[in-house]
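Hello,

Here is the structure I promised to pass on to you. Please open it next to this message, and then read on for what turned up in it.

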Amino acid sequence: MTDKTFNVLFLCTGNSARSIMAEALVTAMGHGRFQGFSAGSKPGGKVNPFAVEQVKKTGYPVDNLRSKSWDEFAAPGAPHMDFIITVCDNAAGEVCPIWPGRPATAHWGFEDPAAVEGSDEDKRKAFEKIFKQIMARLNAFVSLPLNMLEQHAIQQEIKKIGDTPVTPA
């Protein structure tokens with residue numbers, strides 16, 4: 001068994017909802033094996049309050065949440081990432097920075113709950129649905145025997161997780 005903590009960076013264009021929720025979830029669900037981070041290609045500068053509501057369920061400190069650029073994680077002195085996962089289709093199609101090291105990458109597309117219009121209750125339901133979908137994929141991810149897999153096998157496994165259909169909650 002390894003004592004290594006794996007760093008996981010979740011990317012989305014605005015870094016206000018899906019990537020934020022994934023950052024908190026992987027850290028909480030990973031029980032010390034994983035440290036989540038999130039960033040965006042064009043960060044909006046604020047975290048969606050409905051995402052904050054969902055994150056509070058994890059026990060992750062919401063004071064740590066902020067919308068930030070992915071450039072922070074490509075800069076010298078940034079934490080080394082073991083995994084980089086895009087969670088929105090726009091970010092998956094963009095040219096990413098050159099990441100230090102050779103992190104395994106994957107795309108796990110989720111609908112944008114921030115795009116939902118309607119009442120606060122409609123928005124809250126949309127965020128809860130996506131939160132549960134992210135949780136389902138992360139449950140598979142944090143269960144991988146990472147210390148026993150080669151880099152190529154890890155890459156294939158995290159891509160499979162993203163290709164697995166997620167049933168709406």
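**Two helices side by side**

Let me start with a pair of helices: α1 and α2 are roughly parallel to each other, because the angle between them is about 10° and angles under 35 degrees count as roughly parallel. Their axes are 9 Å apart, with α1 covering residues 18–29 and α2 residues 49–56. Please keep in mind throughout that this is a predicted model.

Which residues of α1 and α2 meet? On the α1 side they are Ile20, Met21 and Ala24, and on the α2 side Ala51, Gln54 and Val55. Sorted by character, this contact has five nonpolar residues, one polar and no charged.

Staying with α2, its buried residues are Phe50, Ala51, Val52, Gln54 and Val55. The cover over these buried residues of α2 includes α1 and also α4, which spans 120–142. At the start of α2, Asn48 has a side-chain oxygen within 2.8 Å of the backbone nitrogen of Phe50.

**The overall plan**

Stepping back, the protein has five helices and four strands. Read from the N terminus, the order of elements is β-α-β-α-β-α-β-α-α. Of its 169 residues, 46% count as buried. If you take contacts between residues at least 6 apart in sequence, 73% of them join residues at least 24 apart.

**The sheet**

In what order do the four strands of the open sheet lie? The order is β2-β1-β3-β4, and the pairing is parallel. That puts β2 (34–40) and β4 at the edges, each pairing on one side only. On average, neighbouring strands of this sheet are turned by 20° against each other, direction ignored.

Strand β3 (residues 83–86) is a good place to look more carefully. β3 runs parallel to β1 (residues 6–12), and four bridges join the two. Across that pairing, Leu11 stands opposite Thr86 of β3. β3 also pairs with β4 (residues 104–107), again in the parallel sense and over four bridges. There, Ile85 has Ala106 of β4 as its bridge partner.

In a regular strand, side chains alternate between the two faces of the sheet. You can follow that pattern in β3: Phe83 and Ile85 point one way, Ile84 and Thr86 point the other way, and all are buried.

Helix α1 comes back into the picture here, as α1 lies across β1 and β2 and runs at about 170° to β2. One residue to pick out in α1 is Ser19. Is Ser19 buried or exposed? Ser19 is buried, with a relative accessible area of 0%. Beyond its neighbours within four places in sequence, Ser19 is in contact with Phe10, Leu11, Cys12, Ser38, Ala39 and Val87.

**A buried aspartate**

Next, have a look at Asp82, in the loop between α2 and β3. Its relative accessible area is 12%, so Asp82 counts as buried. What does the side chain of Asp82 reach at 2.8 Å? The answer is the backbone nitrogen of Asn7. The Asp82 side chain also makes a polar contact with the side chain of Lys4, at 3.2 Å. With neighbours within four places in sequence left out, the residues in contact with Asp82 are Lys4, Thr5, Phe6, Asn7, Pro103 and Ala104.

**Two loop residues with positive phi**

Most residues other than glycine have a negative phi. Two loop residues here are worth a look for that reason.

- Asn15 is in the loop between β1 and α1. Its phi is near 50°, a positive value, and Asn15 is buried, with a relative accessible area of 0%.
- His31 sits in the loop between α1 and β2. Its phi is near 45°, also a positive value, but His31 counts as exposed, at 71% relative accessibility.

If you want a quick route through the model, begin with the contact of Ile20, Met21 and Ala24 with α2, then move to the alternating side chains of β3, and finish with Asp82 and its polar contact with Lys4.

Happy exploring, and best wishes!

Note on methods:
Residues numbered from 1 in each chain as written. Predicted model: local features only at pLDDT ≥ 70, side-chain atom pairs only at ≥ 80, totals over all residues. Heavy atoms only, no water. Axes fitted to C-alpha atoms, helices over the stretch in contact; angles between N-to-C directions. Parallel < 35°, antiparallel > 145°, perpendicular 65-115°, else oblique. Contact = heavy atoms within 4.5 Å. Nonpolar A, V, L, I, M, F, W, Y, C, P; charged D, E, K, R; others polar. Buried < 20%, exposed > 50% of the residue type's maximum accessible area, 1.4 Å probe, protein only. Pairing = 2+ DSSP bridges. Polar contact = N/O pair within 3.5 Å; in protein donor to acceptor, adjacent residues only side chain to side chain.
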